[in-house]
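Me: I have a structure open and have not looked at it before. Can you walk me through it?
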Amino acid sequence: MSVEQGRAFLAEPEDEEHDGVKEFNLPAHREYDQIDDRQLRILTKEGFTVGLAKSLAKTESAFPLRLWIIDNSGSMLSPDGHRIVESRDPSQNIKIVDCTRWAEIRDCISYHVKMA
């Protein structure tokens, strides 16, 4: 891997294994400063402003690899989490309901997977 202007570039695109330890390469550097009309429609439908939606395209360059570390300890069963759900009440679009921390993070991850 080489570094140019503070950015990592792949010398070899495949992951390697050395002495039983798997090494993962960063995704290849790509410049993203545009968002297409389809992506913009999807994000604005999700409630993003046009400016925020456009800024997401730029974060791909700054953060080419994103990792999630998920807590699976017993504390995740604590009932102090909150989920955003669609409301059955026609006067409200959404409501916030109490849940476990695990249910909260599960919904959060599911949303990000859907948006990826």
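Me: What volume does the largest pocket have?
Reply: About 830 Å³. Keep in mind that this is a predicted model.

Me: Which residues lie nearest the centre of that largest pocket?
Reply: L43, L56, R66, M115 and A116 lie nearest its centre. The lining of the largest pocket has 23 residues in total. Two or more lining residues come from each of α1 (37-45), α2 and α3 (101-115).

Me: And which element gives the most to the lining?
Reply: Helix α3, with six residues.

Me: Let me step back. How many helices and strands are in the chain?
Reply: The protein chain has three helices and six strands. Along the sequence the order is β-β-β-β-α-α-β-β-α.

Me: What share of the residues is buried?
Reply: Of the 116 residues in the protein chain, 12% are buried. The chain exposes about 9600 Å², and carbon and sulfur atoms supply 53% of that area.

Me: What about contacts, what share joins residues at least 24 apart?
Reply: It is 32%, counted among contacts between residues at least 6 apart in sequence.

Me: New topic. How many salt bridges does the structure hold?
Reply: Three. As background, side chains of opposite charge can pair when their charged atoms come close.

Me: Start with K114. Which residue does K114 form a salt bridge with?
Reply: With E46; the closest N and O atoms are 3.4 Å apart. K114 is in helix α3 and E46 is in the loop between α1 and α2, so the pair links distant parts of the chain, 68 residues apart.

Me: Is K114 buried or exposed?
Reply: K114 is exposed, because its relative accessible area is 56% and exposed means over 50%. Its partner E46 has 32% and is partly exposed.

Me: Next one. Which residue does D80 meet in a salt bridge?
Reply: R101, at 2.8 Å from N to O. D80 sits in the loop between α2 and β5 while R101 belongs to helix α3, so this salt bridge ties together parts that are 21 residues apart in sequence.

Me: How accessible is D80?
Reply: D80 is at 42% relative accessibility, which counts as partly exposed. R101 is also partly exposed, with a relative accessible area of 29%.

Me: And what does D107 pair with?
Reply: D107 forms a salt bridge with R83, where the closest N and O atoms are 2.5 Å apart. D107 is in helix α3 and R83 is in strand β5, 24 residues apart, and the pair links distant parts of the chain.

Me: Why does D107 count as partly exposed and not buried?
Reply: Buried means under 20% relative accessible area, and D107 has 26%, so D107 counts as partly exposed. R83, at 25%, is partly exposed too.

Me: Last topic, the surface. Which residues form a nonpolar patch there?
Reply: W68, I70 and W102 form one, with about 300 Å² of accessible area together.

Me: Where is W68 found?
Reply: In the loop between α2 (50-62) and β5 (81-86). D80, from the salt bridge with R101, lies in the loop between α2 and β5 as well.

Me: How exposed is W68?
Reply: W68 is partly exposed, with a relative accessible area of 46%.

Conventions
Residues are numbered from 1 along each chain as its sequence is written. This is a predicted model: local features need pLDDT of at least 70, side-chain atom pairs count only at pLDDT 80 or more; totals for chains, interfaces and linings use all residues. Side-chain values use heavy atoms; hydrogens and water are left out. Patches are made of residues with over 30% relative accessible area and no salt bridge: like charges are joined within 9 Å, nonpolar side chains (Val, Leu, Ile, Met, Phe, Trp, Tyr) within 5 Å. Accessible areas come from the Shrake-Rupley method with a 1.4 Å probe; for residues, only the protein chains shown count as cover. A salt bridge is a side-chain nitrogen of Lys or Arg within 4 Å of a carboxyl oxygen of Asp or Glu. Helices (H or I, at least four residues) and strands (E, at least two) are DSSP runs, numbered from the N terminus. Buried means under 20% relative accessible area, exposed over 50%, partly exposed in between (1.4 Å probe, protein chains only). Contact means heavy atoms within 4.5 Å. On a 1 Å grid over the protein atoms alone, a cavity is a set of points where a 1.4 Å probe fits but cannot get out, and a pocket is an open set with protein on both sides within 12 Å along at least five of seven lines; lining residues have an atom within 4 Å of a point. Grid points are joined across faces, edges and corners, and a volume is the space filled by probe spheres set on the points.
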